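Here is a short tour for anyone meeting this structure for the first time. Keep the view open as you read and look up each spot as it comes along.

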Amino acid sequence: MMKWVVCVTGGVLTCGFAYALEHTADASDFVVHPFQLPWSHGGLIDSLDMASVRRGYEVYKQVCAACHSMQYIRYRHFVNNFMSEDEAKAEAAESEVDFIDDKGVPAKRPGLLNDFLPSPYPNKKAAEAANNGAEPPDLSLMGWARDDGDNYVFHLLTGYGFDPPEGVLCEEGKAYNPYFPNGSVLAMPQQLFDEGIEYKDGTPATMSQQAKDVVTYLRWACEQWHDKRKQYAIKLALLIPIVSFVLVYWKRKVWTQIKSEKWFHRTVKGREWTPDSKFPPPPKDAPSLKRLN
């Protein structure tokens with residue numbers, strides 16, 4: 001018993017020391033953790049704001065698409081979500097797609113619904129050369145790729161404008177952002193500004209509005225079944241009580257008779273067990289010979 005207590009105590013102390021050491025190391029970094037924001041789609045039964053998703057696509061197209069790709073998103077994904085089919089076709093036709101013609105010659109054609117969103121760079125080396133040696137990450141799954149994705153991306157986009165603290169070296173061409181975890185210095189300068197773009201629906205394009213809309217768009221991009229998932233959850237929540245009632249009723253109906261039966265042993269005259277019997281004595285919990293209802 002004493003050894004067990006010593007082992008448990010040692011394990012707890014070791015874990016506590018490791019936890020304290022890790023947080024002490026974090027405290028030395030100039031990193032600000034994003035706080036929770038009241039997203040319109042954050043509730044258990046809240047759906048995505050498709051008007052915000054559409055505005056977020058405008059932000060991505062006019063600002064983010066210059067450096068970041070979305071290699072898993074096709075134009076057909078827009079249809080019946082935040083664009084009509086005709087709008088999505090017109091949007092796809094604005095892009096140019098490389099293809100091989102009938103003569104085997106590389107050529108370009110207007111984009112189609114089934115095409116992926118175009119990448120701004122032909123390869124990784126070109127992306128690194130144009131961005132101070134850092135390849136811009138793909139944004140298709142960015143809502144899942146970072147811890148607390150929505151809050152992190154919003155604070156990262158709006159967290160510029162601070163002077164780096166003493167001891168933090170910010171090289172030319174890079175920017176300081178306290179919400180960026182890897183040393184708070186990143187190769188992406190501030191991208192969003194008040195009235196930096198103009199929304200088609202007339203919404204004031206403040207920096208926070210643009211950040212909120214593009215984060216909502218990125219949430220839709222990585223989880224296009226977001227609304228359906230919550231709809232199924234609501235239906236399942238309504239169905240579970242009904243199914244539970246049926247199963248409980250069926251269980252009680254099947255087992256009521258069995259549980260209410262009482263069994264007892266009846267000794268048959270001439271078959272009593274004696275020490276001279278060839279067979280061993282029956283156990284105390286031997287199978288019953290007769291039952292009483």
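## Exposed, and a backbone oddity

Let's start with a term: a residue counts as exposed when its relative accessible area is over 50%, as buried when that area is under 20%, and as partly exposed in between. Asn-80 has a relative accessibility of 71%, so Asn-80 is exposed. Keep in mind that what you're looking at is a predicted model.

Where does Asn-80 sit? Asn-80 is in the loop between helix 2 and helix 3. The backbone here has a quirk: Asn-80 isn't a glycine, yet its phi is positive, at about 65°.

Asn-132 also has a positive phi without being a glycine, this one at about 55°. To find Asn-132, go to the loop between helix 4 (124–130) and helix 5 (142–145). Its relative accessible area is 44%, so Asn-132 counts as partly exposed.

## The annotated binding site

Now for something that comes from a record. An unreviewed UniProt entry carries the annotation "binding site" on Cys-64, Cys-67, His-68 and Met-188. In sequence these residues are spread over 125 residues, but in space they cluster, with a largest C-alpha distance of 10.9 Å. Cys-64, Cys-67, His-68 and Met-188 also belong to the lining of the largest pocket.

## Two cysteines up close

Take Cys-64 to begin with: buried or exposed? Its relative accessible area is 15%, and because that is under 20%, Cys-64 counts as buried. You'll find Cys-64 in the loop between helix 2 (50–62) and helix 3 (85–93). Setting aside residues up to four places away in sequence, Cys-64 touches Val-59, Leu-139 and Val-214.

Cys-67 is in the loop between helix 2 and helix 3 too. With 26% relative accessibility, Cys-67 is partly exposed. Which residues does Cys-67 contact, leaving aside neighbours within four places in sequence? They are Pro-120, Tyr-121, Asn-131 and Pro-136.

## Salt bridges

Time to look at charges. Side chains of opposite charge can pair when their charged atoms come close. How many salt bridges are there? The count comes to 13.

One of them joins Glu-94 and Lys-61, whose closest N and O atoms are 2.7 Å apart. Glu-94 is in the loop between helix 3 and strand 1 (96–100) while Lys-61 is in helix 2, so this pair ties together parts that lie 33 residues apart in sequence. Glu-94 is exposed, at 56% relative accessible area, whereas Lys-61 is partly exposed at 36%.

## Within a helix, and a network

Another salt bridge links the side chains of Lys-89 and Glu-85, at 3.5 Å from N to O. Why are these two separated by about one helical turn? Because they are 4 residues apart in helix 3. Lys-89 is partly exposed at 42% relative accessibility, and Glu-85 is partly exposed with a relative accessible area of 41%.

Then there's the pair of Glu-223 and Arg-229, with 2.8 Å between the closest N and O atoms. Glu-223 is buried, with just 7% relative accessible area, while Arg-229 counts as partly exposed at 40%. Elsewhere on your tour, look up Arg-55, Asp-201, Lys-212 and Asp-213: salt bridges that share partners join them into one network.

Methods. Residues numbered from 1 in each chain as written. Predicted model: local features only at pLDDT ≥ 70, side-chain atom pairs only at ≥ 80, totals over all residues. Heavy atoms only, no water. UniProt positions renumbered as here; feature names shortened; annotations may be inferred. 1 Å grid on protein atoms, 1.4 Å probe; cavity = no way out; pocket = protein on both sides within 12 Å on 5 of 7 lines; lining within 4 Å. Buried < 20%, exposed > 50% of the residue type's maximum accessible area, 1.4 Å probe, protein only. Contact = heavy atoms within 4.5 Å. Salt bridge = Lys/Arg side-chain N within 4 Å of Asp/Glu carboxyl O.
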